[in-house]
Structure formats: C-alpha cells, structure tokens
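The following exchange is intended for a student who is learning to read a protein model. Please examine the structure first.

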Amino acid sequence: MTPFTFQASLPRVVFGPGTLQQLPAEVERLGAAKALVLSTPEQQDQAQRVAELLGARSAGVFARAVMHVPIETAREAREEARRLGADCAVAIGGGSTTGLGKAIALDSGLPIIAVPTTYAGSEMTPIYGITEGGLKKTGRDARVLPRTVIYDPRLTLSLPVDLSVTSGLNAIAHAAEGLYAHDGNPILSLMAEEGIRALAQALPALHRDPCDLQARSDALYGAWLCGVVLGNGAMGLHHKLCHTLGGSFNLPHAEVHTVVLPHAMAYNAPKAPQAMAAIARALRVDDAPLGLQQLAAELGAPTALKAIGMPADGLDRVADLAVSAPYPNPRPLERTALRALLQRAWDGSAPAP
Ligand SMILES: NC(=O)c1ccc[n+]([C@@H]2O[C@H](COP(=O)([O-])OP(=O)(O)OC[C@H]3O[C@@H](n4cnc5c(N)ncnc54)[C@H](O)[C@@H]3O)[C@@H](O)[C@H]2O)c1
Ligand SMILES: O=C(O)CCC(=O)CC(=O)O
C-alpha cells in the first residue's frame, strides 16, 4: 500500500426513520436558542412543520432557496437571520437548501443543522457554490460544513422517483471521482465503494416501490458515504464538466451528472483501472461506464444531454472551458478527446475512452 494521509472533518450524524423528532434536542446540543428554518418554496409546508416542532426555538422560516444559490438570495437569507436574531439555521431539503445554509454560514459563521431530503450529499462537504452575475463560483471553507446532519429516510418518501434516481446517481458521481482522486486514500475508497454499492441496490428497489422505507434508508446511507468522499477528495473531470454545463447552460444539476458520468468515467478508465474495477464490483457489472449508463436507462433516467436542454452549438464552448483551467485528473485533458466525449454525451451514445 502506498503511504497516505487521512484527515476528515465530519458532522455529527443522527440517522434513522423518525429521527427528525430529535431536532429540538440537537439545536439545544449546539447551545443555540433560535433556529432559522430554510427550504425551497416547494418544501415550505415541510419547513413550517419543522418550525412548529422547534416551538420556541424557531426564529422563523425562510422558504426561498433555489438551485445554485444566487448571491441575492444568500444576502436576503443572511439579512433575515440577522433581523430575527437567529443563532443557528436548519436547512431542510436538497442540495439547494443546504447550499443556502452554507452561504449564510460562510458570511456569519452561523452553525448549520442539515436535514437532507435528497441524495445530493452536500451536507457532508465543506464545498459551497454561489452564483453571481450568471457565474457560479465554488469553494471550500470549513465554516460551511454543517455541524449536525439528521438523516430521516421518511422525509425522502415524497422525493419523486425521477429525482430520486438522478440524485442517487449524482451521489455515485462523488464516489466515482473519489476513487481516482489524486489525493484519495484507502479509507475514502472503502466509503466510495460501499456508497456506490448501497445506492446501486437501493435505486432499483425504490424505483419499483417509492415507499420502500428500507430502500430509502439504504439510499440515504449511500448518499452519506458518497458525500463524505466528495468532501474529502478532489473533484476531477466529471464534476468540472458538470459545473460548466450546469452553470453556463442552466441545466438541471442531478440530470447533468447522470448523463455525463459514464462518459467521464470512460475517458478516465485507461488511467484509473483500479477505480473502474471497484465501481464495477459495486455495481455488479463487468464494465463500469457501460454498466452505469445501463442502470440509468433501466431506471428511466436521461442518458443524453440533448434530452435535458443542452444546445448542440454550446459543446465547443464547454470543450474550450474544460481545458482552460487545468486541474488534476487521471488522464490529461485533451481538447479533441473531450469534444468527442461531449458529443457522445449529447447524442446519448455508449461511453468510450
Ligand atoms: N456543495 C456540495 O457539496 C454539493 C453537492 C451536491 C449538490 N450540490 C448542489 O445542490 C443543488 C442540487 O441539489 P439537489 O439535486 O438535491 O436538488 P434541489 O435541492 O434543488 O431539489 C430539487 C427539488 O426537489 C424538491 N425536493 C427535495 N427533496 C424533496 C422531497 N423529499 N420531497 C419532495 N420534494 C423534494 C426541492 O424542494 C426542489 O424543488 C445544486 O445547486 C448543486 O450544485 C452541492
Ligand atoms: O454547487 C455547489 O455547491 C458545488 C457542487 C459540487 O461541487 C458537487 C456537485 O456537483 O454535485
């Protein structure tokens, strides 16, 4: 085994059906008196119920989280937290709501309790994203890592099946890139393979029966592990391509990950054979990129960028951007090969190196 360093900074986790009821005790445990509850407009009712559960420990509800955290929304939420005298925030929702909590914490240091209702994994990472003037910036900062995460699988029962599948594949992407990250290590690899295995078993089961609480629990467990991997290893080609595609063309986040991942994996496969073997083991397939694309197709998820709103005439720009700011990746970034990758992803063709 090659020498390695392992240091992880992780939130406290409370996991299991019904654990949302422990939220007031978790707020108290942080030494906080007033929590601002954050959500998207679509989950406002759920946020309201959380505020009722908190009772006197609720400062109010801010239900304006949207995807990619526009700076204006972040400023409004920070101001609302200040105005209401909140000394903590509870983010109930997916990556968009957790992201809003992180934007507040980045500025104020306010502790965050995350209550994830998708499989995006953001609650386990110190990574934040904020969009200003149409440009999304991402960064890492220890202040934005939630202090506590409550994983209550019951809250995911209402997550629509299509979003459950693509969100689960978004989580698998975190683990896949962690397996070949330049700063990876055997402990993260264990978590990555186990996270992919759990999700690959859970997604078909919850696709058959969205109310299968065991499958929902397994998926959330997998998302937790994949989130830890994302938070503690470097992102490579796949995440960078998705951020460019999502940020520049306003494409739906989890769907972009779903479409691109088999292609990004195939691009890197010749230089990351051990990672591919681990992913194939976890998926129980012979060929990791192809097996993943087939899993997505079997679960009714999109497999072509053209099907999710990507304009064909934008592919050249994405290829240009992909090579404009180099970063560590198992296989060097070659424009011609990346342009071909993007074409295959746009067409929905089979992944190829
Ligand atoms: N910083 C990180 O580490 C990290 C990691 C992953 C994703 N992200 C970010 O997260 C965002 C995407 O998050 P997402 O994919 O979780 O989607 P999302 O948070 O945007 O949620 C999508 C929609 O589903 C709804 N929803 C969520 N949970 C639900 C439930 N249980 N029942 C019914 N409706 C529900 C939301 O209200 C919203 O309308 C992107 O902006 C992405 O960049 C960040
Ligand atoms: O938008 C963010 O907060 C960054 C998203 C990220 O790095 C993980 C992802 O693309 O799923």
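The questions below concern domains, a ligand shell and a nonpolar core. This is a predicted model, in which local features need pLDDT of at least 70, side-chain atom pairs count only at pLDDT 80 or more, and totals for chains, interfaces and linings use all residues. Residues are numbered from 1 along each chain as its sequence is written, and chains are lettered from A and ligands numbered from 1 in the order in which they are written.

Me: How far apart are the centres of domain 1 and domain 2?
Reply: The domain assignment, automatic or from a database, gives domain 1 (12-156) and domain 2 (161-347). Taken over C-alpha atoms, the separation of their centres is 25 Å.

Me: Where does ligand 2 lie with respect to the two domains?
Reply: The residues around ligand 2 include Gly 99, Thr 138, Asn 170 and His 243. Both domains give residues to this shell, so ligand 2 lies between domain 1 (12-156) and domain 2 (161-347).

Me: Which residues outside its sequence neighbourhood is Ile 279 in contact with?
Reply: Ile 279 is among the residues that touch the most other members of the largest nonpolar core, which has 113 residues. Such a core is a set of buried Ala, Val, Leu, Ile, Met, Phe, Trp, Tyr and Cys residues joined through C-beta atoms within 7 Å, where buried means that 20 or more other C-beta atoms lie within 10 Å of the residue's own, with C-beta atoms placed from the backbone. Contact requires C-beta atoms, placed from the backbone, within 7 Å. Leaving aside neighbours within four places in sequence, Ile 279 is in contact with Ala 176, Leu 179, Ile 196 and Ala 288.

Technical notes: A residue is near a molecule or strand if its C-beta atom, placed from the backbone, lies within 6 Å of it. A residue is buried if 20 or more other C-beta atoms lie within 10 Å of its own, exposed if 12 or fewer, and partly exposed in between; C-beta atoms are placed from the backbone. Two residues are in contact if their C-beta atoms, placed from the backbone, lie within 7 Å.
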